[in-house]
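Colleague: Please take one part of this model and go through it closely. I would like a single connected account rather than a list.

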Amino acid sequence: MRVTVKLGSILRAKAPAFVGGEGIVELPGEGPFAVSDVMAALDIRPEEVNVIYRNHVLVAPVARARDGDRVALFPPIFIHFSQFYLERKTD
Amino acid sequence: MAKILRVDVGAGTAAFEEVPADLAVLGGRALTSTLVAREVDPKADALGPDNKIVFAPGLLAGTTAPNSGRISVGCKSPLTGGIKEANSGGQAAGRLGRLGIAAIIVQGDPKGKTYVLHVSKDGARMDDGAPFWGKGNYDAAAALRAAYGPKVATIQVGPAGEHGMRNSSVATTDPEGNPARHAGRGGVGAVMGARGLKAIVIDDAGSDRAPIKDVDRFEKARKTLVEGVKSHPVTSQGLTNFGTAILVNIINEAGALPTHNFHDGRFDKAEAISGETLHQNCEDRGGKRSHGCMTGCIVHCSNVYNDKEGTYVSSGVEYETIWALGANCDNDDIDAIARLDYLCDDIGVDTIEMGGTFGVAMDGGLLGWGDAARMIELMEEVRNDTDLGKKIGNGAGHAGKAFGVTHVPTVKNQSMPAYDPRGIKGIGVTYATSTMGADHTAGYAVATNVLGVGGSVDPLVAEGQCGLSQNLQEATAGFFDSTGLCLFLAFPCLDQPDSLAAIPELVSAKYGVEISVADMAAAGAKVLEVERGFNRGAGLTEVDDRLPEFFSKEPLPPHNVVWDVAASELDKVCAWSPVVELG
């Protein structure tokens with residue numbers, strides 16, 4: 001499975017070969033995989049990400065990524081958990 | 001005791017008066033809107049002799065409270081036809097606070113004369129403005145420093161304001177003396193220009209910090225707020241290191257970055273104009289990726305941008321400017337955007353409105369999409385007040401009429417900022433219902449919609465957006481626009497109850513009063529009530545609290561959503577009611 005990944009700001013240090021913070025992540029098999037598996041492939045820990053877009057829709061790490069999807073990951077330096085939950089798609 | 005400085009350009013006088021008792025604990029937007037509502041006929045011609053322009057620092061100006069130096073500029077807007085409060089960073093507000101000046105009211109018919117107002121601890125006087133009139137803001141700022149001293153702060157208008165352009169701004173100087181901070185929205189520069197006032201020179205030499213009634217209480221609250229700002233990742237890391245431009249990629253991935261004059265929600269060249277690119281260019285070229293626009297700023301979201309040779313281009317190249325002159329115009333040249341930012345600052349126009357105008361003009365065929373070189377050329381038409389300059393210097397609505405374009409993204413004739421309301425519906429409610437016209441800072445629903453600060457609703461559905469926007473509009477007016485605190489303190493304050501509570505504590509300690517969080521929220525609601533009353537008197541109705549029709553008809557890629565918040569829900573936010581009588 002291949003997905004396009006866009007990394008924001010400080011997360012780009014995890015994939016220095018990416019151009020403009022963007023590149024392909026390949027996982028074994030056809031998928032789907034959880035977005036968290038895509039993150040793990042880049043050695044990105046859950047606490048290092050607080051906004052995830054899958055094909056421009058806000059999702060949780062458990063949401064599924066499929067072959068050809070676009071996943072954008074942004075660090076918590078421009079968002080923050082509060083006492084309220086963040087609405088994210090989980091499918 | 002703070003005073004009001006009343007300037008009559010018809011008589012050529014500047015005199016101090018006592019602050020009325022009922023206005024004693026009002027500052028910033030609360031004070032400008034109250035004074036405008038009391039002293040300006042809502043039906044007056046905004047560029048005529050009966051409009052007034054009011055400059056007011058916030059309640060905490062001149063103190064050690066962090067980021068407390070925003071200045072509010074109020075008048076009847078020549079762009080929207082309603083009440084306007086535009087605010088800016090820079091050095092002016094802090095200096096006025098130290099001088100004990102609660103507000104400067106400028107009124108009267110200059111009858112062709114031009115002035116520079118000089119204020120210091122020794123008083124105020126009106127000097128001849130002729131040596132400075134006609135200069136761009138950068139040359140004028142340098143000339144004013146040469147005339148009045150290297151450490152003065154200035155408030156000034158550029159050629160656009162002198163020409164009465166409805167997209168003209170009021171500039172303030174930053175700590176380096178650059179006129180790079182602007183009260184941009186709504187054509188306030190034209191009102192200052194109509195008063196014949198080129199500049200206000202503020203010399204606070206020999207003055208002390210603004211007096212504090214309860215120093216210990218103030219210091220305790222100040223420390224709480226500072227700790228909150230420094231501990232929040234947005235205000236201590238994100239904004240500090242990448243500035244507001246960090247939003248380019250985030251909003252682009254959200255599918256809500258207005259592109260091609262709001263025809264699309266994603267810009268395929270966003271990376272080229274992103275905060276990450278800006279950060280790298282600042283690092284590589286000897287600029288500053290982190291910069292404060294005022295003394296006492298601890299967030300440092302601004303920047304100093306150099307060209308490839310390491311020469312200064314502009315300061316404060318930030319998200320709204322990058323979007324307006326970039327993605328909205330299909331322009332992926334960040335160096336050209338920085339040059340355009342400089343020109344907007346120098347000529348004295350709002351970058352959001354200018355970018356909105358260029359987008360409309362591109363739709364109308366005046367220039368090609370992404371033609372940055374032509375954009376730069378056309379700015380000189382505005383500077384020189386040519387016939388073409390008049391068509392593009394008076395806002396996007398005016399340009400739409402001039403070029404036969406109906407796809408004009410404005411509310412109350414003011415251009416929409418950098419979030420498409422179809423993709424972030426909370427901000428759309430704010431655009432529609434704000435007393436200011438399409439204004440993103442009036443109720444920054446983006447923070448909750450996209451960034452998960454202080455709770456969340458789904459940005460793509462209508463439900464929940466009106467209540468969110470109303471609450472944020474009241475909070476913004478009460479806690480930030482009236483205290484002079486930078487709006488970015490809202491990030492920690494929305495998430496940390498102690499930080500939010502520190503704001504009324506600071507005000508209580510400074511003025512020797514007892515004000516609570518609830519009091520400030522209520523004060524914010526009162527400000528909106530006053531403003532709505534003025535707008536009703538000016539002839540605005542609920543019909544003006546709507547988005548342009550195309551937002552309801554044209555699905556926005558990539559989500560293919562339309563604007564569908566019901567008019568009846570919008571009207572609840574405004575609570576359209578009989579005109580408020582002001583006592």
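Modeller: In this predicted model, start at the hairpin of β4(B) and β5(B), where 6 residues lie between the strands. Among the residues of this hairpin, B:Gly81 has a positive phi, near 80°. The two strands of the hairpin, β4(B) and β5(B) (residues 83-88), are antiparallel and are joined by 6 bridges. One of the paired positions is B:Lys76, whose bridge partner in β5(B) is B:Ile83.

β4(B) also has a pairing with strand β3 of chain B, residues 53-57. That pairing is antiparallel as well, with 4 bridges. Here B:Gly74 of β4(B) has B:Val54 opposite. Strand β4(B) therefore pairs with β3(B) and with β5(B), and it is largely enclosed by the rest of the structure because 6 of its 6 residues, 71-76, are buried.

Buried here is a matter of counting: a residue qualifies when 20 or more other C-beta atoms lie within 10 Å of its own. In β4(B) the burial applies to the residues pointing either way. B:Ile71, B:Val73 and B:Cys75 point one way, while B:Ser72, B:Gly74 and B:Lys76 point the other way. B:Lys76 is thus a buried residue of β4(B) and the bridge partner of B:Ile83, while B:Gly74 is likewise buried and stands opposite B:Val54.

As for chain A, it has 1 helix and 7 strands, in the order β-β-β-α-β-β-β-β from the N terminus. Of its 91 residues, 34% are buried.

How values were computed
Residues are numbered from 1 along each chain as its sequence is written. Chains are lettered from A and ligands numbered from 1 in the order in which they are written. This is a predicted model: local features need pLDDT of at least 70, side-chain atom pairs count only at pLDDT 80 or more; totals for chains, interfaces and linings use all residues. A residue is buried if 20 or more other C-beta atoms lie within 10 Å of its own, exposed if 12 or fewer, and partly exposed in between; C-beta atoms are placed from the backbone. Two strands pair if DSSP finds at least two bridges between them.
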